[in-house]
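This report describes the surroundings of the bound ligands and one further site in the chain.

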Amino acid sequence: MTKFQHFYPLFKPEHYDIYLDIDREAKQFSGKTTITGTATTEKIGIHQKDLAVSEVLANGDLVPYTIDKELDAIWIDLPKSGQTTLDITYSAKLTDTMMGIYPSYYDVDGVKKQLIGTQFETNSARQAFPSIDEPVAKATFSLAIKFDEKDGETIISNMPEEKVVDGVHYFEKTVPMSTYLVAFGFGEMISKTTTTKSGVKVGIFATKAHQAKELDFGLDIAKRSIEFYEDFFQTPYPLPHSWQLGLPDFSAGAMENWGLITYREAYLLVDPDNTSLRMQQIIATVIAHEVAHQWFGDLVTMKWWDDLWLNESFANMMEYVAVDAIEPDWNVWEIFQTSDTPAALERDATDGVQSVYSKVEDPAEVDSLFDSAIVYAKGARMLVMVRALIGDEALRTGLKAYFDKHQYNNTVGADLWSALSDASGINVGAVMKSWLEQPGYPVVSAKVVDGKLVLTQQQFFIGDGKAVGRLWQVPLNSNYDGVPDLMTEKELVIGDYNSLREKEGTAFRLNVGNSSHFIVSYEQTLLDDILNESDQLDAISKLQLLQDLRLLAEGRRISYASLIPLLSQFSDSHSAIVNTALYDIADNLKRFVTPKSEEETTLKAFFHQLSATAYDRLGLEPKKGEPNDDQVTRQEVISAATYADNQAFIADAHRLFEAHTDHLATISASVRPYVLINEVKHFGSKELIDTLLDEYRRSTDASYKASLPAAIGRTENPEEITKIVTLFKDADTIKPQDLRSWFYYILANDQGQQAAWDWIKSNWQWLLDTVGGDMSFTSYITVISRVFKTPERLAEFKAFFEPKLQTPGLTREITMGIKSIESRVTLIADEKDAVNQAVAKAINK
Ligand code: BES
Ligand code: ZN
């Protein structure tokens, strides 16, 4: 580990005056930053990265300084400690790393253009201005920015512009805030604005490559989210405006800069004439997530990154609370159940996973904290447990008190628990400690022993795992009265099973609503009891049953083959979430068959059996006024029909394609990916791939663009595959921000896997240089470990990645990757035959 030091104890900044002069042509900027604050010692460290510092003054006098590359610092020798004003003059380059101040590239009618934006979280503010770049070091900021300005350009920042003098744009002084939330952007833009009930100006901005109508959806959701939170938190939005800016190059999904939220275009802009409902729902949750951060994260901020969950887990829960409130018909909690929940349960079952609260010092490790399955999904699940435990009233009262007490300041986890405990009278911190500070989660086994119902908790693992006797405080949420709310011990004896069963008149269940972070292993008689009543189960309970059983099979507690009859049992469901869970399992069965084998043909027939009736019912094209569930279910069903080579579907999809050859983008968005995949799969040609690649280069509709690599990546033609892989480094075609999904599609294609794997091995250094700073860089490793399934690939994975185990930030992902491939390889070896027999048996029925 590199040495590491906090600088805030040495110097406490109060205010920054930042002047920047940015030259896009020359790709560089010069700056002068004046920091006033208090030095507690005579030698202070100030963060900087890649800044060429030419002069440092302290209280008006030149002072000696040294640059420390390892710590990203300038060490400054002050004549004395105490109140100090520092003037630091410097220059730096604009780089294409999507970090710090950086250009985004796009073109309008063939003319190449740039939009300048910023991305400072977690530690890139120091690339733009010298600062104490730690979340605890809150200060006020006055920005003054000059750039090679042309007519018709706009510049926006956290605060409104105050004045322009000699081409310098001066922005109003901010409230006290952390460095990582400072932001600005400039270039040619289109925009729309509106005002909330309480008078906050809300705006949305994008490049001129987009049409004005693409702005409406995002603007409306942003406005209504702010109104929702102002009411829910009983705390006003504290700034004059809330701008949303879509950037053509963006490493994360979106970023909550205070007053100027930045987005990947795909997560902000919506073509109202053709965007799938699911995509609209996702975009709404992204916006609501970043808007939630304006309170949780911006107004009150974690002291240090170890408490990152205070930001991200909270925003991840609130995005669903908010969207559920503003668009109740969408039932967005269902998305939580089909995406966040399984992601958390899957990853949190791998030994070596981090806990939600995770100590971190090395800056290279900070970004690896942003594990979407843990800090986001598991953390949100944890807070959903809290919400269920204390109720919305106490949650709101507690949060209001928390904001009142800590606004413009920093907190640790205990501050939140104490606010919520005071409001609810429940010792929330004690319950949550076991979830927050320990990795993993329990499987609760329910058995009847000597006539008594007995529950036991034990850590659940997929793959090798070392049991170290961890226990959790488990909210049981049973449907039976006599069961305690909380299980705190290893074993719990409930009482006489038969009399309980008789009294309740229904099967015994735990974790009703699936809001607690554990899974249940019912012994066979108890499970049969539930399955016999399965018609009476609601959709969430069915989904949960399927999900839990799938996990138990991955964890080798039950056989994979035993899941297969359940798929047939639930395949007539009209519920989107049940179908999602069902096809998750079905898709996993593909691992057990060799491509082009007889087993594959049998599995395809099974897919046909599962999906054909539903396909006949739903048809290929969405119908006006159909239930939301049908629209989402159709996507699952036609994806299955694609694998099944369903002839009716193949013909329908081809017909639809042919009818739209001149305007493919207008194929209904919710089925467009499958129509394109079908075309590549069954009617593919060199010309088709070229057409689709052209479409990809030309389109500015992000959701259409996202469907193209999914289709192009299905080609089985070696020459086309080679051509695509050559494009991986061609930023004019594939932007670095989108490369991971291209890489994934080729890797997951049996015919492309070798080419993609060879490519990443030979271009690892290039990849590190290009996107190595991204918060989600490690997901390149995750993607590979999700796809590989043979002993040969496992050995190759180890040979390539094991030598990189010591690289800060990669260690965990490599270790977990190896474990997850290992467990898949063993599972396949052990259960392949049984699974294939069960599939064959299911289609003969
Ligand atoms: N604060 C994060 C973005 C971020 C994380 C930037 C780490 C830099 C380093 C933002 O609030 C966020 O969580 N974005 C998500 C999307 C969100 C809706 C789940 C993302 O970018 O994936
Ligand atoms: Zn976030």
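In this predicted model, ligand 1 lies between domain 1 (11–295) and domain 2 (311–436), because both domains contribute residues to the shell around the ligand. That shell comprises 15 residues, of which Glu 121, Gly 253, Glu 256, Glu 290 and Tyr 376 are the closest. Sorted by class, the shell around ligand 1 holds seven nonpolar residues, four polar residues and four charged residues.

Three side chains place a polar atom at the following distances from atoms of ligand 1.

| Side chain | Atom type of ligand 1 | Distance |
|---|---|---|
| Glu 121 | nitrogen | 2.6 Å |
| His 289 | oxygen | 3.0 Å |
| His 293 | oxygen | 2.9 Å |

Ligand 1 taken alone exposes 510 Å², and the protein buries 88% of that area. Two elements give two or more residues to the shell around ligand 1, namely strand S19 (254–255) and helix H2 (277–293). Helix H2 gives the most, with four residues.

**The zinc site**

Which protein residues act as donors of the zinc ion (ligand 2)? They are His 289 and His 293, each through NE2, and Glu 312 through OE, at 1.9 to 2.1 Å from the ion. Along the chain, these donors of the zinc ion follow the spacing H-x3-H-x18-E. His 289 belongs to helix H2 and Glu 312 to helix H3 (residues 308–326), so this pair ties together parts that are 23 residues apart in sequence.

Are the donors His 289 and Glu 312 buried or exposed? His 289 has a relative accessible area of 6% and therefore counts as buried, the limit for that class being under 20%. Glu 312 is likewise buried, because its relative accessible area is 2%.

His 289 thus appears in both settings: its side chain has an N or O atom 3.0 Å from an oxygen atom of ligand 1, and its NE2 is a donor of the zinc ion. His 293 also takes part in both, with a polar side-chain atom 2.9 Å from an oxygen atom of ligand 1 and with NE2 as a donor of the zinc ion.

**A further site**

Ala 795 is located in helix H25 (residues 791–801). With a relative accessible area of 45%, Ala 795 is classed as partly exposed, since that class covers values between the 20% limit for buried and the 50% limit for exposed. Ala 795 and Met 99 are 696 residues apart along the chain, and their C-alpha atoms are separated by 35 Å.

Methods:
Residues numbered from 1 in each chain as written. Chains lettered and ligands numbered in written order. Predicted model: local features only at pLDDT ≥ 70, side-chain atom pairs only at ≥ 80, totals over all residues. Heavy atoms only, no water. Near = heavy atom within 4 Å. Polar contact = N/O pair within 3.5 Å; in protein donor to acceptor, adjacent residues only side chain to side chain. Areas by Shrake-Rupley, 256 points an atom, 1.4 Å probe, with all protein chains shown as cover. Nonpolar A, V, L, I, M, F, W, Y, C, P; charged D, E, K, R; others polar. Domains from an automatic or database assignment. Donors = N, O, S within 2.8 Å, 3.2 Å for Na, K, Ca; no water. Buried < 20%, exposed > 50% of the residue type's maximum accessible area, 1.4 Å probe, protein only.
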